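Here are my notes on the model you sent over. Have it open while you read, and follow along point by point.

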Amino acid sequence: MRLILALLCALLVSEVQAQNVSASAFNPPPKVISLTRDLTVATGAVAYTGCGFRPRALIATGGINASSNFAIHFGMASAAAGSGVGMTGPFAAANAQTIVSGTFLLSSDATGANNQGFAVSSYDADGFTGTWTKAGTPTGTITVYVLCIF
């Protein structure tokens, strides 16, 4: 997963160079931070730090250990609205994927009834804050790698 974000970051830099965009447009450069969430924990607000600047956009990928579930999510600049769009779900041929709107991260079991969703509420000086919302009885720990873009 970290490799996917590193490749996305490299592609972004290549495109910037190809378009002759000044280096100051990405100063500071994008940074990847990792986070984990115990899916059995109750609904609550959480702040994530470590990117070193106030991000303007987020791209994330993650999954639950020992699970076939993974997700790719894109955050939007209007964090106050809890914006985000992504695709999540068990990615086996027999299972449908879910397009998520308004929730930046979502970890769900195959039924969709047991999940935790994360909505961004603010972009902060060193990261972002949001609320995890629990539905049903999800299990496991999700690991997510977030590409923070200035």
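Which residue in E8 does Leu106 stand opposite? Keep that in mind while we go through the points; the reply comes in point 4.

1. What we are looking at. This is a predicted model, so check the confidence before anything else. The mean pLDDT of the protein chain is 74, with 58% of the residues at 70 or more. Confidence is lowest in strand E5 (residues 85–88), where the mean is 54, and highest in E2, at 96. Where pLDDT is low, the coordinates should not be read in detail. My suggestion is to skim E5, given its mean of 54.

2. The overall layout. You'll find 1 helix and 10 strands in the protein chain. Going along the sequence, the pattern reads α-β-β-β-β-β-β-β-β-β-β, with the helix written ahead of the strands. The chain has 150 residues, and 39% of them count as buried. As for contacts with a separation of 6 or more, 58% are between residues 24 or more positions apart. The accessible surface comes to about 7,500 Å², and carbon and sulfur atoms make up 60% of that.

3. An open sheet. Look for 4 strands in the order E2-E9-E8-E7, with antiparallel pairing. Strand E2 (44–49) and strand E7 (105–108) are the edges, and each of them pairs on one side only. From one strand to the next, the twist averages 25°.

4. From E7 to E8. These two pair in the antiparallel sense over 4 bridges, with strand E8 covering residues 115–124. Back to the opening question: Leu106 stands opposite Gly117 in E8. For Leu105, the bridge partner in E8 is Phe118. E7 and E8 form a hairpin, and 6 residues sit between them. Have a look at Gly112 in that turn, which has a positive phi of about 85°.

5. From E8 to E9. Here 9 bridges join E8 to strand E9 (residues 127–135), and the two run antiparallel. One pair to find on screen is Asn115 with its bridge partner in E9, Ala135. This is a hairpin too, with 2 residues between the strands.

6. Ser107: buried or exposed? This residue lies in strand E7, which is an edge strand of the sheet. Even so, Ser107 is buried, because its relative accessible area is 5% and the cut-off for buried is under 20%. What does Ser107 touch? Leaving aside neighbours within four places in sequence, its contacts are Leu39, Ile64, Asn114, Asn115, Gln116 and Ile142. You have already met Asn115, as the partner of Ala135. A bit of background for anyone looking at a strand: in a regular one, side chains alternate between the two faces of the sheet.

7. Thr61, for practice. Where does Thr61 lie? You'll find Thr61 in strand E3, which covers residues 57–64. Thr61 counts as buried because its relative accessibility is 2%. Try picking out Ser34 as well: Ser34 and Thr61 are 27 residues apart along the chain, and their C-alpha atoms are separated by 9.8 Å.

Key
Residues numbered from 1 in each chain as written. Predicted model: local features only at pLDDT ≥ 70, side-chain atom pairs only at ≥ 80, totals over all residues. Heavy atoms only, no water. Buried < 20%, exposed > 50% of the residue type's maximum accessible area, 1.4 Å probe, protein only. Contact = heavy atoms within 4.5 Å. Areas by Shrake-Rupley, 256 points an atom, 1.4 Å probe, with all protein chains shown as cover. Pairing = 2+ DSSP bridges. Axes fitted to C-alpha atoms, helices over the stretch in contact; angles between N-to-C directions. pLDDT = per-residue confidence, 0-100.
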